[in-house]
Amino acid sequence: MLARSRDSDGYLAGGTAFNLASTSRRFSDDIDFFHDSVEAVAESFARDRSMLDTAGYRLEIRLSQPGHIRALVSTDDQSTLIDWARDSAWRFMPLVEEETGGLLLHEVDLAINKVLTLAGRDEIRDFVDIMQAHEDVLPLGAMIWAAVGKDPGFTPMSLLEQLKRRGRYRPEDVARLVLAVPFDLNKARTAWRAALAEADSFIRERPHDEVGCLYYSSRRDRFAAPSSGLSLEEQGLVTHFGEPGGILPRVAAAERQLTVPRDEAK
């Protein structure tokens, strides 16, 4: 209901958006709607609150400050937390449309946000999501390399060092999650150490003038991590930098198969 009401500057993000895919490993325990301005947060919350009230939901405000409102929304014996928050409009891709979630961040932006989130907080749910993104979206090194384009307060190496402090979770941490499939913590720890080592090598090999970018393959119609020893041209890759609102890769429209809302393509 709320997703269908999103306007051009409101979109679903965070764990809920990341875990909408049928291959998701877990269920999110809250819903995050992001906006590009403090004013849009307040307007969106007011509109959604009215809609929820009309539909018979109860709202209990847990946090209210400029640019961030959190409420417990409930009906009968079911409830969930919903956050309305401001985030930077800077992203790599335009928003995409999804039948259930409405407007949401592209999967590469969701993955890159997760890298920055895990660097800032040590939560098992973010670790589970990052391991999935590493396998299904982009290798960890490529995500780190691109993430500093969104948060220039990091260098690739400083972000990597921060992430090296993560991954020390216990079985009871996993037990707190609502999982769609079992999560093998021992196997994940081993994969995490390998991903960190590969990321270290990737970061050291890439030229400094490409820092903060993604690499797009028009032949495969997806973002990829370049291999060492070959030029980008030889690999059929082009650099792709983000900007406010996101931007499509430099390929002919006929070669794209991306679902982009009206007025979002640049």
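**Exercise 1. The hairpin of strand 5 and strand 6**

Task: In this predicted model, find which residue in the hairpin of strand 5 and strand 6 takes a positive phi.

Solution:
- Locate the strands. Strand 5 covers residues 68–75, and strand 6 covers residues 78–86.
- Look at the turn. Two residues lie between the strands.
- Check phi there. Asp76 takes a positive value, near 55 degrees.
- Establish the sense of pairing. Strand 5 and strand 6 run antiparallel, with eight bridges.
- Fix the register. His68 stands opposite Ala85 in strand 6.

**Exercise 2. Another partner of strand 6**

Task: Strand 3 also pairs with strand 6; is the sense parallel or antiparallel?

Solution:
- Take strand 3 at residues 30–35.
- Trace the bridges to strand 6. There are six, and the sense is parallel.
- Pick a facing pair. Ile31 stands opposite Ile82 in strand 6.
- Put the two pairings together. Strand 6 is parallel to strand 3 and antiparallel to strand 5.

**Exercise 3. Rings around Phe127**

Task: Classify the ring pairs that Phe127 forms with Tyr169 and with Trp192.

Solution:
- Begin with the full search. The whole structure holds eight aromatic pairs.
- Take Phe127 and Tyr169. Their ring centres are 5.1 Å apart, and their planes meet at 45 degrees. An angle that is neither under 30 nor over 60 degrees counts as tilted, so this pair is tilted.
- Place both residues. Phe127 belongs to helix 4 (residues 124–136), while Tyr169 is in the loop between helix 6 (156–163) and helix 7 (171–175). The pair links distant parts of the chain, 42 residues apart.
- Turn to Phe127 and Trp192. Here the centres are 5.3 Å apart, with 80 degrees between the planes. The pair is edge-to-face.
- Place Trp192. It lies in helix 8 (residues 185–205), 65 residues from Phe127.
- Check burial. Phe127 and Tyr169 are both buried, and Trp192 is buried too.
- Extend the network. Ring pairs link Phe127, Tyr169, Phe183 and Trp192 into a cluster.

**Exercise 4. Leu104 and its surroundings**

Task: Decide whether Leu104 is buried or exposed, then list its contacts.

Solution:
- Find the element. Leu104 is in strand 9 (residues 102–104).
- Read the accessibility. The relative accessible area of Leu104 is 6%. Buried means under 20%, so Leu104 is buried.
- List the contacts, leaving out residues up to four places away in sequence. Leu104 touches Tyr11, Leu12, Ala17, Leu20, Leu95, Val96, Glu97, Glu98 and Leu110.
- Follow one contact further. Over the ring of Tyr11 sits the charged end of Arg91, 5.1 Å from the ring centre.
- Compare with a remote residue. Leu230 is 126 residues from Leu104 in sequence, and their C-alpha atoms are 35 Å apart.

**Exercise 5. Core and overall shape**

Task: Which residues touch the most other members of the largest nonpolar core, and does the radius of gyration agree or disagree with a compact globule?

Solution:
- Take the core. It has 74 residues; Val115, Leu140, Ile144, Leu159, Leu163 and Trp192 touch the most other members.
- Inspect one of them. Beyond its neighbours within four places, Leu159 contacts Val115, Leu116, Ala119, Ile144, Ala147, Val148 and Phe154.
- Test the shape. A compact globule of 266 residues would have a radius of gyration near 18 Å; this chain has 19 Å, which agrees.
- Add the dimensions. The C-alpha trace spans about 60 × 45 × 35 Å along its principal axes.
- Count the elements. The chain has nine helices and 14 strands.
- Add burial. Buried residues make up 49% of the chain.

How values were computed: Residues numbered from 1 in each chain as written. Predicted model: local features only at pLDDT ≥ 70, side-chain atom pairs only at ≥ 80, totals over all residues. Heavy atoms only, no water. Phe/Tyr/Trp six-rings, centres within 6.5 Å; stacked < 30°, edge-to-face > 60°. Helix = DSSP H or I, 4+ residues; strand = E, 2+ residues; numbered from the N terminus. Buried < 20%, exposed > 50% of the residue type's maximum accessible area, 1.4 Å probe, protein only. Lys NZ or Arg CZ within 6 Å of the ring centre and 35° of its normal. Pairing = 2+ DSSP bridges. Contact = heavy atoms within 4.5 Å. Core = buried A, V, L, I, M, F, W, Y, C linked by side-chain atoms within 4.5 Å. Rg over C-alpha atoms; globule rule 2.2 N^0.38 Å.
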